[in-house]
Each structure stands twice: as structure tokens, then as C-alpha cells.
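I opened the notebook to look up charged pairs and surface patches. My entries follow in the order in which I wrote them.

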Amino acid sequence: MEQGDSSLKHVFSVSRYNEDARSHLKAGKKHLALKSLRMKKRAEKRLESIEAKLNTIQVILDRIYSSQTDKTVVEAYQAGLGALRESMKDVSMAKVEKLMDQIEQFCDMQDDINQTLAGENLDAVGELWNHPLCLSCQSVSAPP
């Protein structure tokens, strides 16, 4: 706040020196008018210097904010990568391919069963009874 207060003082100083120079000129005091104009010029230079410093500080603050945002984004990326690694640690292409093959086999078997039950594929009944799943069902359901 001190920097802002100082800046305001300089703005008022510039204004005041300008008014002083006019009043001295009207009073015929050319030397005092010139002195007020020199003081005005110095105040303007100080004001420009303060404004440049304030702009530099604002740029620095913007960069700090931006770097904090960047840090948050990087941390989010790291957390996301960690979650992906954790969720995929037991998954491999070989496992996926094996599961897809098994699913395809069971879907094919289910289609064959549905066709057989619908009476469309009576020749496949013998094949189904020889399938490992059906053999295990027969051994469980067979009377002793």
C-alpha cells in the first residue's frame, strides 16, 4: 500500500507543481515558475519510475500465479498417471487376447446351444455333449 500511496502523492505533486507554476507566472515570478516546472518534471519522472516498478511487480505476481497453476496441472497429470498405472498393473495384451478368445468361444457355444434348442442344429448335439463344459455337467447330473 505504501507504494500506491506514494504514487498518489506524486500525482498530486505533479498537479500541484503545475498549478504553482501558473500562479507564479501570473504573479510575474518567472524564476519561481521555472523552479515549479523543474519540480513537476522530477515528480513526473518519479511517477514513471514507480509505475514501471509496479508493472514489474504485477508481471512477477502473474508469473507466480501461472507457475502455481502449472504445478497443480503437473501434479494432476502425475496423479492421473499413477491411477492409470495402478488400474492397468495386472493387465497385459496377452491376458486381454486370452480373455477375448474365451469370450468368443463361450459366445459361439451359446449360439450353438440356442440353435440346437430351437431345433436348427440337431447335428451339433453330439458335438455339444462332447464339449468339456457339457462333460463336466453330465458327470455332475449323472445318477450314481
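**Salt bridges**

I counted the salt bridges by the nitrogen-to-oxygen rule and got two. The model is a predicted one, and I kept that in mind for each entry. I noted the background: side chains of opposite charge can pair when their charged atoms come close.

I looked up K71 and E75. Their side chains form a salt bridge, at 4.0 Å from N to O. Where do K71 and E75 lie? I found both in helix α2, which covers residues 30–88. They are four residues apart, about one turn of the helix.

I then checked accessibility for this pair. K71 has 53% relative accessibility, so I entered K71 as exposed, the cut-off being over 50%. E75 has 41%, so I entered E75 as partly exposed.

I looked up K89 and E86 next. Their side chains also meet in a salt bridge, with 3.2 Å from N to O. Is K89 buried or exposed? I read 54% relative accessibility for K89, so K89 counts as exposed.

**Nonpolar patch**

I turned to the surface and found a nonpolar patch of about 540 Å². I listed the residues that make the patch: M88, V91, V96, L99, M100 and I103.

Which helix gives the most to the nonpolar patch? I wrote down helix α3, residues 93–117, which contributes four residues. I looked up M100 by itself and placed M100 in helix α3.

Methods: Residues are numbered from 1 along each chain as its sequence is written. This is a predicted model: local features need pLDDT of at least 70, side-chain atom pairs count only at pLDDT 80 or more; totals for chains, interfaces and linings use all residues. Side-chain values use heavy atoms; hydrogens and water are left out. Patches are made of residues with over 30% relative accessible area and no salt bridge: like charges are joined within 9 Å, nonpolar side chains (Val, Leu, Ile, Met, Phe, Trp, Tyr) within 5 Å. Accessible areas come from the Shrake-Rupley method with a 1.4 Å probe; for residues, only the protein chains shown count as cover. Helices (H or I, at least four residues) and strands (E, at least two) are DSSP runs, numbered from the N terminus. Buried means under 20% relative accessible area, exposed over 50%, partly exposed in between (1.4 Å probe, protein chains only).
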